[in-house]
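Please open the structure in your viewer and keep the selection tool at hand. The tour moves from one selection to the next and says at each stop what is there.

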Amino acid sequence: MRIAIASDHAAIDMKAALREWLIEEGHEVADLGPDSHDSVDYPDYGYKLAAVVAEGTAERGIALCGSGIGISIAANRNPGVRCALVSEPLSARLAREHNDANVIALGARLIGIEQAKACVAAFIGTDFGGGRHQRRVDKLSNPSC
């Protein structure tokens, strides 16, 4: 699977660990930055990640910041992205199965690397359920208000 990953400075260590693990698992990973612990603005990386996923260059995206909140808000500004902030595997699975999420956000200051790996594994290992969920997902992409 082609996966894009981006973070801010607070999550750079988690990003590096997840990138290496995903490559070991056989995935193609595009690391969209940053490359150092120097302070950066999470919206810049959330927007960059969202653009790559929305255009189809990556099938899924992983957005990381200290809490996961800010970067998830940034990613969700792109209408082609459905980013879910998750902190445990069940939410990651349901985000895919029910909401067809194409990006997940994780908070590096809130969960450890093993929990992050479990969330990512659930996210990339779950298909969208379709059926009754499709109409709701269609509404997410095409708000009528």
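The stops below go from the sheet to its central strands, then to the helices and two loops.

Before starting, note that this is a predicted model, in which local features need pLDDT of at least 70 and side-chain atom pairs count only at pLDDT 80 or more, while totals for chains, interfaces and linings use all residues. Residues are numbered from 1 along each chain as its sequence is written, and side-chain values use heavy atoms, with hydrogens and water left out.

**The sheet**

Select the strands, which are DSSP runs of E with at least two residues, just as helices are runs of H or I with at least four residues, both numbered from the N terminus. You should find an open sheet of five strands in the order β2-β1-β3-β5-β4, with parallel pairing, where two strands count as paired if DSSP finds at least two bridges between them. Look next at β2 and at β4 (83-85), which stand at the edges with a single partner strand each, so that one side of each has no neighbour in the sheet. From one strand to the next, the twist averages 20°; axes here are lines fitted to C-alpha atoms, for helices over the stretch in contact, and angles run from 0 to 180 degrees between N-to-C directions.

**Strand β3**

Now select β3, residues 60-65. Six of the six residues of this strand are buried, so it is largely enclosed by the rest of the structure; buried means under 20% relative accessible area, exposed over 50% and partly exposed in between, with a 1.4 Å probe and protein chains only. R60, I62 and L64 point one way from β3, whereas G61, A63 and C65 point the other way.

Show the neighbours of β3 as well: five bridges pair it with β1 in the parallel sense, and five bridges join it to β5, also parallel. On the β1 side, I3 has R60 as its bridge partner, while on the β5 side I62 stands opposite I104 and A63 opposite A105.

Which ring does the charged end of R60 sit over? Select F123, because a charge counts as sitting over a ring if NZ of Lys or CZ of Arg is within 6 Å of the ring centre and within 35 degrees of the ring normal; for R60 and F123 the distance to the centre is 5.4 Å.

**Helix α1**

Move to α1, residues 12-24, whose 13 residues should span 18 Å at 1.5 Å a residue, and whose end C-alpha atoms are indeed 18 Å apart; the expected span is 1.5 Å times one less than the number of residues. Its buried residues are I12, M14, K15, L18, W21 and L22, and they pack against β1, β2, β3, β5 and α5 (113-124). After α1 comes G26, whose phi is positive, near 95°.

**S7 and two loops**

Select S7, which lies in strand β1 and counts as buried because its relative accessibility is 0%. Leaving aside residues up to four places away in sequence, S7 touches I12, K15, G33, P34, Y45, L64 and I71, where contact means heavy atoms within 4.5 Å.

Two of those neighbours, G33 and P34, are joined by a cis peptide bond with omega near 0°, and P34 lies in the loop between β2 and α2 (42-54). Finish at D100, in the loop between α4 (89-99) and β5, which has a positive phi of about 50° although it is not a glycine.
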